[in-house]
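Reader: I would like a close look at a single part of this model, with the terms spelled out as you go. Please take me through one sheet and what lies against it, and then through the cysteines.

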Amino acid sequence: METAKKDGFFQKYCESLRKSITQNEFNDFAQLDSGEKRFNFINGLKSIVTELKLAREFNGKSLERSLDLKNLGNKSFQKESWNEALAYYNLCYMATPESNESEKAIILANRSAALYHMEKYDLALKDIQRAIRLQYPKELMYKLTERKARCYLGKKDHVKALECFKETLPALDNCKLPLERRQKLERDAQIMINLLPKNIEAEKKLAKGRKPVPAEPKKPAVPEFYAEKGLYFDYSSEEGRFAKTNVDLKPNTIVLVEKPHVSVLLEEYSKTHCSTCFKRVSVPVCCPKCSDVVFCSEDCESSANSGYHKYECGFLPIFWKSGASITCHMALRIITQQSEEYFLQLRPELDGLTSEQTDKLKHDDYRKIYKLVTHEETRSAEDFFQRTLMATLLNACLTLGGFYKTKEAESFIGGLLLHNLQLLQFNAHEISELQREDDRDVGKSVFIGGGLYPTLALFNHSCEPGVTRYYKGNSVCVRSVRSIAAGSMIGENYGPLFTQTPREERRATLLNQYRFSCNCRACSENWPLFSEMDDTVLRFKCDGGKICSNVLLIPSEINEFMIKCTDCGEHTNIMKGLKLLQDTETMFKLATKMHSAGEIEAALYKYVEEMNTLDEVLVPPYRDYHLCQQGLRSCMLEYGNRYVKFVTKKFIAE
């Protein structure tokens with residue numbers, strides 16, 4: 001994986017610096033044996049800050065631009081183009097400088113009006129409260145109290161609506177409206193004040209005769225960590241540490257749920273998704289200083305600005321222009337989400353860590369990820385040069401952002417930045433979102449960011465994976481898509497699947513990107529591509545069970561009932577198996593129809609039923625098995641991040 005894109009300034013600077021140093025200097029660098037020494041060597045050659053004229057950029061905030069966008073929003077509002085108005089008000093809000101609180105309050109009030117007309121009452125109420133906190137002008141406060149009342153009417157909360165209409169009357173005392181207009185608003189508010197108590201009493205009487213409606217159960221929060229009880233990690237010199245199970249796992253078993261140690265959005269999603277939790281945002285909360293990121297709530301904004309974002313704020317435009325990859329940003333974020341003191345305290349114990357110690361640590365503990373594989377021993381001096389120079393760029397962001405309190409910490413943390421760049425290359429995962437043009441579209445899984453999951457990083461690759469993964473925000477959920485026998489490896493997939501990519505191409509890709517030769521079942525047995533699978537031959541399990549793993553190759557048109565295994569001598573009842581398989585095609589069609597209709601849970605269980613039947617009788621590879629697996633994967637993606645551009649019907653994934 002490249003550290004930077006070729007069209008960014010970093011790659012050009014790297015090539016220029018490499019040419020400027022002598023062969024003797026480069027030979028000296030090549031002999032260095034630690035990240036800290038490499039960092040000090042490259043950092044001492046030239047000042048990257050001076051060379052590249054690095055400085056914080058806060059170009060997104062401008063009162064003039066904000067006012068222009070507000071005017072556009074107001075014009076759209078007058079045309080009753082509520083979605084367009086909302087889009088302009090969002091941009092306007094993000095562009096408003098921190099010092100212009102009164103203007104920001106007015107923008108939030110305008111946005112609340114658009115949200116009210118879109119019947120997004122809860123979001124409108126939040127914006128009203130934000131505008132009030134920012135000292136919305138007293139002479140205009142009647143607009144907000146009246147709008148609050150209308151929002152509560154829309155929510156059928158007549159008690160709170162009544163309170164807000166009562167607040168509207170004294171608020172009108174401060175307005176600067178013509179007398180006639182003011183009197184009309186007072187009359188309207190008074191009518192509602194007189195009417196609502198009667199409605200409230202009538203509702204109370206009706207409620208006495210009704211059976212209480214049970215409250216909808218709250219959706220359970222995504223846990224920070226969950227692991228299936230049978231999950232454990234084995235070790236071999238060839239494969240390192242890898243996930244296994246000591247119990248039989250059925251299809252659709254949740255194997256792992258994990259929050260990331262670190263996660264970062266791609267630049268193109270930095271203004272559509274929350275920088276902290278990755279939730280897609282339609283009504284953003286913005287950073288007070290920059291307009292490069294958005295948040296879904298004040299909690300996420302506060303968490304970011306008290307942690308990682310206060311050091312990254314103003315540097316993201318430079319970072320993106322440099323062409324630095326997302327793993328480089330993650331290498332920086334691993335540092336910025338903690339403090340200088342935190343890393344200095346860990347320094348004495350990092351190199352002596354054992355897996356027994358790290359297994360017990362939480363996902364956000366740096367020691368949890370420090371020992372992940374880096375393949376440092378196989379790296380070339382050129383590779384180290386490029387990554388070390390990138391570490392100096394990341395370090396410049398820390399220095400200019402005020403991260404360091406003591407000068408002596410810089411070389412140590414510079415070495416950690418280089419270490420992070422190495423381990424992320426082999427352990428990071430792409431975070432995805434299922435995106436559709438409309439809800440009739442099959443959709444595609446789109447890469448929106450990157451995350452490092454300390455437990456998931458220990459799962460080994462298989463070209464025929466037993467699990468699939470999807471994401472809720474930036475948390476990962478791993479589910480089984482077939483039966484996995486006790487004692488087996490739980491393999492996930494790093495990229496190429498055997499059904500789509502020939503073995504030699506898969507192996508070459510994995511060797512190049514991850515530095516291992518794949519010997520999974522699909523590779524060692526050289527399974528055919530999906531398009532090459534033979535439908536005329538069924539691959540039956542031998543009834544010898546665990547004693548015999550032989551596969552009986554049976555023509556689909558066969559008249560014999562019992563087939564003798566050439567390995568164990570046991571007879572297998574073919575007719576019994578064929579009867580079980582009779583309904584699987586019907587199951588698949590029904591599951592596919594349910595999925596298309598948005599009945600995700602029902603479709604998922606139907607695919608599981610089919611997979612259990614197939615697993616009982618046949619041995620992969622064969623088409624029906626892998627089509628069923630794909631159906632399972634597609635259903636599971638519905639439980640994760642989803643975005644439908646145009647909605648005409650509702651998908652049910654919960």
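Author: Two strands are said to pair if DSSP finds at least two bridges between them, and the strands themselves (E, at least two residues), like the helices (H or I, at least four residues), are DSSP runs numbered from the N terminus. This is a predicted model, in which local features need pLDDT of at least 70 and side-chain atom pairs count only at pLDDT 80 or more, while totals for chains, interfaces and linings use all residues. Residues are numbered from 1 along each chain as its sequence is written, and side-chain values use heavy atoms, with hydrogens and water left out.

In β11, the residue bridged to Y470 is C477. That bridge belongs to the pairing of β10 with β11 (residues 475–480), two strands that run antiparallel and are joined by six bridges. In general, the strands of a sheet pair through backbone hydrogen bonds, either parallel or antiparallel.

The wider setting is an open sheet of four strands, in the order β1-β4-β11-β10, with antiparallel pairing. Its edges are formed by β1 (225–227) and β10 (467–472), each of which pairs on one side only. On average, neighbouring strands of this sheet are turned by 20 degrees against each other, direction ignored, where axes are lines fitted to C-alpha atoms, for helices over the stretch in contact, and angles run from 0 to 180 degrees between N-to-C directions.

Against this sheet packs helix α26 (residues 623–637), which touches β10 and β11 and whose direction makes about 15 degrees with that of β10; contact here means heavy atoms within 4.5 Å.

As for the cysteines, a disulfide is counted where two cysteine sulfur atoms lie within 2.5 Å, and by this rule the count comes to zero. C277 is in no disulfide, since the nearest cysteine sulfur, that of C296, is 3.6 Å away, and a pair must lie within 2.5 Å. C635 has its closest cysteine sulfur in C628, at 9.6 Å, which is too far for a bond.

The two residues also sit in different accessibility classes, where buried means under 20% relative accessible area, exposed over 50%, and partly exposed in between (1.4 Å probe, protein chains only). C635 is buried, with a relative accessible area of 0%, whereas C277, at 23%, counts as partly exposed.

For the chain around this part, there are 26 helices and 16 strands, and buried residues make up 50% of the 654 residues.
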